[in-house]
Number of protein chains: 4
Amino acid sequence: MKTLIRGGTVVTAVDHYRGDVLIDGERIAQVGTDLSWIQVDKSIDASGKYVIPGGVDVHTHLDMPFGGTTSADDFQSGTIAAAFGGTTTIVDFAVQDRGGTLRQAWETWMGKAEGKAAIDYGFHMVMRESTEALRKEMGELVKEGVTSFKLFMAYPGVLYLDDASIFRILQRSGELGATICMHAENGPVIDVIAEQAFAQGNTAPKYHAITRPARLEAEATNRAIALAEVAGVPVYIVHLSAAEALEEVAAARHRGIPAFAETCPQYLFLSYENYEEPGFDGAKYVMSPPLRAKEKQESLWRGLRLNDLQVVSTDHCPFCMKEQKELGKGDFRKIPNGAPGIETRMSLLHDGGVVAGRISLHRWVELASTAPAKIFGLFPRKGTIAPGSDADLVVFDPKAEAVLSAKTHHMKVDYNPYEGRRVRGVSDTVLSRGEVVVEKGKFVGKPGRGQYLRRATR
Amino acid sequence: MKTLIRGGTVVTAVDHYRGDVLIDGERIAQVGTDLSWIQVDKSIDASGKYVIPGGVDVHTHLDMPFGGTTSADDFQSGTIAAAFGGTTTIVDFAVQDRGGTLRQAWETWMGKAEGKAAIDYGFHMVMRESTEALRKEMGELVKEGVTSFKLFMAYPGVLYLDDASIFRILQRSGELGATICMHAENGPVIDVIAEQAFAQGNTAPKYHAITRPARLEAEATNRAIALAEVAGVPVYIVHLSAAEALEEVAAARHRGIPAFAETCPQYLFLSYENYEEPGFDGAKYVMSPPLRAKEKQESLWRGLRLNDLQVVSTDHCPFCMKEQKELGKGDFRKIPNGAPGIETRMSLLHDGGVVAGRISLHRWVELASTAPAKIFGLFPRKGTIAPGSDADLVVFDPKAEAVLSAKTHHMKVDYNPYEGRRVRGVSDTVLSRGEVVVEKGKFVGKPGRGQYLRRATR
Amino acid sequence: MKTLIRGGTVVTAVDHYRGDVLIDGERIAQVGTDLSWIQVDKSIDASGKYVIPGGVDVHTHLDMPFGGTTSADDFQSGTIAAAFGGTTTIVDFAVQDRGGTLRQAWETWMGKAEGKAAIDYGFHMVMRESTEALRKEMGELVKEGVTSFKLFMAYPGVLYLDDASIFRILQRSGELGATICMHAENGPVIDVIAEQAFAQGNTAPKYHAITRPARLEAEATNRAIALAEVAGVPVYIVHLSAAEALEEVAAARHRGIPAFAETCPQYLFLSYENYEEPGFDGAKYVMSPPLRAKEKQESLWRGLRLNDLQVVSTDHCPFCMKEQKELGKGDFRKIPNGAPGIETRMSLLHDGGVVAGRISLHRWVELASTAPAKIFGLFPRKGTIAPGSDADLVVFDPKAEAVLSAKTHHMKVDYNPYEGRRVRGVSDTVLSRGEVVVEKGKFVGKPGRGQYLRRATR
Amino acid sequence: MKTLIRGGTVVTAVDHYRGDVLIDGERIAQVGTDLSWIQVDKSIDASGKYVIPGGVDVHTHLDMPFGGTTSADDFQSGTIAAAFGGTTTIVDFAVQDRGGTLRQAWETWMGKAEGKAAIDYGFHMVMRESTEALRKEMGELVKEGVTSFKLFMAYPGVLYLDDASIFRILQRSGELGATICMHAENGPVIDVIAEQAFAQGNTAPKYHAITRPARLEAEATNRAIALAEVAGVPVYIVHLSAAEALEEVAAARHRGIPAFAETCPQYLFLSYENYEEPGFDGAKYVMSPPLRAKEKQESLWRGLRLNDLQVVSTDHCPFCMKEQKELGKGDFRKIPNGAPGIETRMSLLHDGGVVAGRISLHRWVELASTAPAKIFGLFPRKGTIAPGSDADLVVFDPKAEAVLSAKTHHMKVDYNPYEGRRVRGVSDTVLSRGEVVVEKGKFVGKPGRGQYLRRATR
């Protein structure tokens, strides 16, 4: 099966050119100025549009049990929504049970994806304990292509690991060439502050943000980097939200330390003010770390431009307002943490980044696709348009507009944090390994067609 | 009883002038260009010498149980040695027992000093737990003049407190106007590294230093300051040794955060190389934090000049090589942590600081006497030469020389870390509350004459 | 003649105590807890008030020709106003004529002060050229007690010196132990911007500020420090106004470079908004560097607390609105640069600094008196209260209030930049070398009684 | 004419893949996993080798009059040497004569290249004056494709422009979308120091370096960036050599300022020690800025990794030791400034950068080709391997080794600064616009075939 994408402007993290892309089976076979003379089975007209590598979202939580409920999207609805948004690869998080093995967790999550995923997927492994047996088992998981492990400095009693535990896992990651993803907030202190706030009768959603000060994200970020530095290994800070934390990453990098970090669209486009929306609406934005002050957003953009931030992922972890977020009415601490975003990332970044003049077209592709693929062992299979790479491609119409809304989105969640926002730039046709999965506003792929991705080590 | 100190150069943290000091009873009554016409009971000729306020050493450990043994100086030998060195006030550390109250600890340490102390003394309180009852009791201690509390981020299982515990105590200190003294090293991670080093057969004293990297002092310093910042209170970092930690203090101060820090002579004059002395001699220098790289010393001096470091204290905690330090032969982790210094601080700082041109004469007095008195609620009673202040005075001969040695020092410990070092500047006559306690190389005071100092809050 | 100041709270840069000060002739003879038994000629009751060392203002321009006119205060009116404000020493600027010698300039300015000055005074020397002869002559001036030289990086064609000229003078100052005071603004570029603004019809006073961006003060500050560093000498930045310039000073100091800087009350209490006062009133605030954005003021206060700024002087250079400032109606470039302040410094700093909780009482004395005296070779004669020092003393009532106004001030200028501002803290009785010069709101000294101060080198 | 480069590993700034490159005429037509079935006129076997975009050297001085002599390579020998080294595009500097127009200079340099250049070339324009007429004429030059202008803060009396002149040109560049290249050293102060050194009898080559301290490069860099910031335009610092200057660039970028900089291989691989080679050999390395301390080299590498430095160019400006460098025997100031490097850049960077593990393969291509093409308006025609781009391609053998030597190099200069250095990675076959110009160690192109490149604005 040969497919030709014709007449578009091919855009990668470095190049842009008017050209054709020839797909042979699941892979890109050729790119050229004019390949129209080649006989193909299917031809897609991309004239006036960009042809970009499919998005790589390395931070999603599908079918994820948390806070007494489960995130609203499973691997079917979630990956279909991703595809609509121009994302063709996700890396989700398997979560080790206390007392359980890593393999059990991996198999559980493989089962969740099996038969459902519409695009390709990989897994990070969340470790909730740091026993010698588990650290040994990390090597087994790496062999299965789980080459990154996520640790939490927040959520004591649930996901939190202490510094000594973290340090031992960092050391082990160094032996394996694996990458450690860190949730960097000082959870034990945050819990004290939250408890005090609640005891004083402060129960509204906004106290979620007030009790998680930026300084405690910066502190944990500093600490995560210090432990990694002493262990002699890289570290990757997930969902960085605070300008103060970014300063820590930037300073470490300036000293030559291999510290990396991602941020998410919500930290670029939403802010603390959202928590003050009327009634219980602030709960829509309850996530950790929380949204920060609006005036700090430009610092994050600068970090993206200067490569102190290398990736934009979503931390997609949707909970419906009804029955889920509502669990925290009367106690902000019980609002499930998380928000949807898997579908809106590429358009938001294009609109608020490229069109707004904050980042270049190439940087957009790099942040949303190339860099995460490179950092997490998926490159060059994913993340670029080059001969031999998977034909995960998006025909992206930079002039088309859309209005983000829960009424029209494909995520299974009853609100959209960007409700009513008009964005310029929309994914048009989306291909995954050479197969068209989204076309003319319809999902035309098949749930379960997505493949598990064995990822490489560093 | 009136005493006149005549003809010296009076030196304070800001002034220097040729003048006379009149003492009436325990206090300074007058200073003047010429008070020789006043009738006095005793006259001390200070011509050619400095008259300085007695040293204030806010970090000593006398009669201190640690690591299965007890520090070699008790309140008698320790305070006499202090007096010989020109120090007339100490603030020592009472240590709460697990399960015990703060008052019990205070009374225990009051008992240790009673009848023995030759100079005035106060106490900080080491808290090993952070229960609500203890935090409440902090208020009682403040009323008794114990207005500072020391917490440990190192020594898990012994003195270590976790971040949540520390944070609650920081908050409480804010309510009381008390000061928190922090031992800032990431103990849990250090213990992992030390265990690994030992498991690899690395048992020599130098591994004490190798397993406590500077970055882990910097990390804990950053964290201590962040917790204090979030709690809205000042914090005082004790025995700062690493240039990297100093950077954290300096950066915080530059942001306007009330962070303070002391260093000690050992970090200014000794260095990692000392650990490589032959045989077991490296054990002499086993203290925490450890001695650092020689080339970083100038950073500390710069910190002292720029006031990023406000105090030079000793962390005097002597253990004899024989029977004490020897406990760690074959396992560096068992070497009692600490070294003597209460007697040598003023001369070392004069010699290596003032004479060497690194700090001014005024800054010497400020670092060794005025600033610690101000920070710890003893000023203006202690720390200066002004009408109404306690007549704690030292006639200091800047031209006299001495050779530091265990053979001649008055500390009850069988080695001197500076053995053989020649210093310029020696304390000559020492007065405590108007009473001569050291004269012509002899201790002429009386053990037990020292008074407990109730210290003020901020 | 003996005078006793009784019962006040003596405050110096380090001490505060309830005590008496005995003056014998021109100097302080004794300080003591109670000297009331000593027979004196005059006794001043200071109970309930502070007794502080007289202010030292190291940046004044009396009888100064500039921009086709002359500053409105001569040495008589200016020094009397200073005395009213609690300042007992000034260091003014003699200005070398192009083609003239330094001695000629010094003698000219000595003549201006002669018979007029009511308090003691010294001179810096402004050099407008950097010939070998003049650099040689610097040594002669140092012998006369002119131990500091001021250079301009601004005002091309008038006072500006190029980098090579500045560098040679910096080198020479190193040989002499003299201090270089630098006006740090990039004048040549500012003149381009100002010319362009005027050409575009922007003639109002506010364009004075708009055409002198903070970045060009920061740039010149960086450059001044770099040249001094290469020459191996200290440098003192005058009237620092921009937070960005302060960053340069702080960074240099952090690297160990001996960079010093002063700011002035106008930069702490006034801001850009003042230029937008109605009509031509913005001209009141036309000075160089200009007033900056209000939100940057706190950076300067932090610099004062952290000692990145060591001195607060006035840059007193008054021009009347009538006939003087008016010269620039229709062309902001022709408004004489300067504003009055010699009289209001001590009270403003007390009110907005000490009472407002931004600086301590001691730091107030240090910034306004002790530090400038030390930096400019006047200490310990000036700048402190100690036996042997000049009896330049101010009985300062911290609770008295005053309203600053042109109607009541003693400066010969027809406006007050702080018109109507109420300040807490007023100089009550002022003594210069033992002689009361201001008492009960009256000047009781004698013009011409002020003495020239030969200042020491570093 | 169709050419196929088969079986190599195509490497761009972002991609690497095993693939074929099809050239049709002067441009790249296709890249694909296997294009061997396409009929071509010429086939080049690249198996086991890299296929990279030809190098872009944006800083060369061919046929350049300087210091009373002329650089040893003209456009023929220089561009042939470049081609041997894998560089297929240069941007050289036309130099305006005082009193002359920019067009005259451009035409003069066009004439120098005409009939000689073996590869494509563009020109920056050096402006030695800043008259209104010349600034107006800049617009004409931009239309001719001269879209960057170089200014000198060094060499007073020869090339130096004062700040006001520079500022006006910066402003004009903003109107035109042109780029300003800045030689950032404080020339006036350097000349004072050099004059003093010479007067003291210090005549040897090493005084060239001693009289040009790093701080004066940092100062000028700070100033250049400040002027650009105030003018609201980007600035590009040429041949950055000092870590201290890099700090200025990095700090500005961190503040969001569009500052850019290049360094050169000599600053990465040679150091001050070279000036101390015996006899007059230090003259080989006399260039401005000079070589710096060896221990600072790692800072530059870090800058290259972190993108604080975006480009590595050569500043190729060769002078023979014989008759040229010798002009400065007895007076280091008369040694012509410059050294050869046009031929050795790509191999040195591969060997000391990629093979040594300091930069990635992609970053090597980016620094040496893609980034300079993008910054100077040549992209995507030059600087990448993509359909539609010029077929400027290098088959680079990463395993081949070569020994750098004047005996074998193709530059017309009688020494090689890296004499005897063995490098891994050698350009094998070199194509310029589809035409093989270097093959099997021979130049097979034709002088004069190189085309002038009209460059785009920003």
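In this predicted model, chain C and chain B bury about 2500 Å² between them. Carbon and sulfur atoms give 58% of that area. Three residues stand out on the chain C side: Val14(C), His254(C) and Pro387(C) supply 23% of the area that chain C buries against chain B. No other three residues supply more. The contact draws 33 residues from chain C and 33 residues from chain B.

Polar pairing was examined next. Between chain C and chain B, 11 residue pairs are in polar contact, counting pairs with both residues at pLDDT 80 or more. Salt bridges between chain C and chain B number 0.

Several elements build the side of chain C that touches chain B. Two strands, S2 (16-24) and S3 (27-32), each supply at least two residues. Helix H8 (243-254), helix H10 (297-306) and helix H12 (361-375) of chain C each do likewise. S3(C) gives the most, with 5 residues. By residue type, this side of chain C divides into 15 nonpolar, 11 polar and 7 charged residues.

Strand S3(C) also pairs across the interface. Its partner is strand S3 (residues 27-32) of chain B. The two strands run antiparallel and are joined by 3 bridges. Within this pairing, Val31(B) has Val31(C) as its bridge partner. Strand S3(C) thus appears twice in the description of the contact: as the element that gives the most residues to the side of chain C touching chain B, and as a strand bridged to S3 of chain B.

Methods: Residues are numbered from 1 along each chain as its sequence is written. Chains are lettered from A and ligands numbered from 1 in the order in which they are written. This is a predicted model: local features need pLDDT of at least 70, side-chain atom pairs count only at pLDDT 80 or more; totals for chains, interfaces and linings use all residues. Side-chain values use heavy atoms; hydrogens and water are left out. Contact means heavy atoms within 4.5 Å. Buried area is the accessible area (1.4 Å probe) that two parts lose on being put together, summed over both. A salt bridge is a side-chain nitrogen of Lys or Arg within 4 Å of a carboxyl oxygen of Asp or Glu. A polar contact is a pair of N or O atoms within 3.5 Å; within protein, one must be able to donate a hydrogen and the other to accept it, and residues adjacent in sequence count only if both atoms are side-chain atoms. Helices (H or I, at least four residues) and strands (E, at least two) are DSSP runs, numbered from the N terminus. Ala, Val, Leu, Ile, Met, Phe, Trp, Tyr, Cys and Pro count as nonpolar, Asp, Glu, Lys and Arg as charged, and the others, Gly among them, as polar. Two strands pair if DSSP finds at least two bridges between them.
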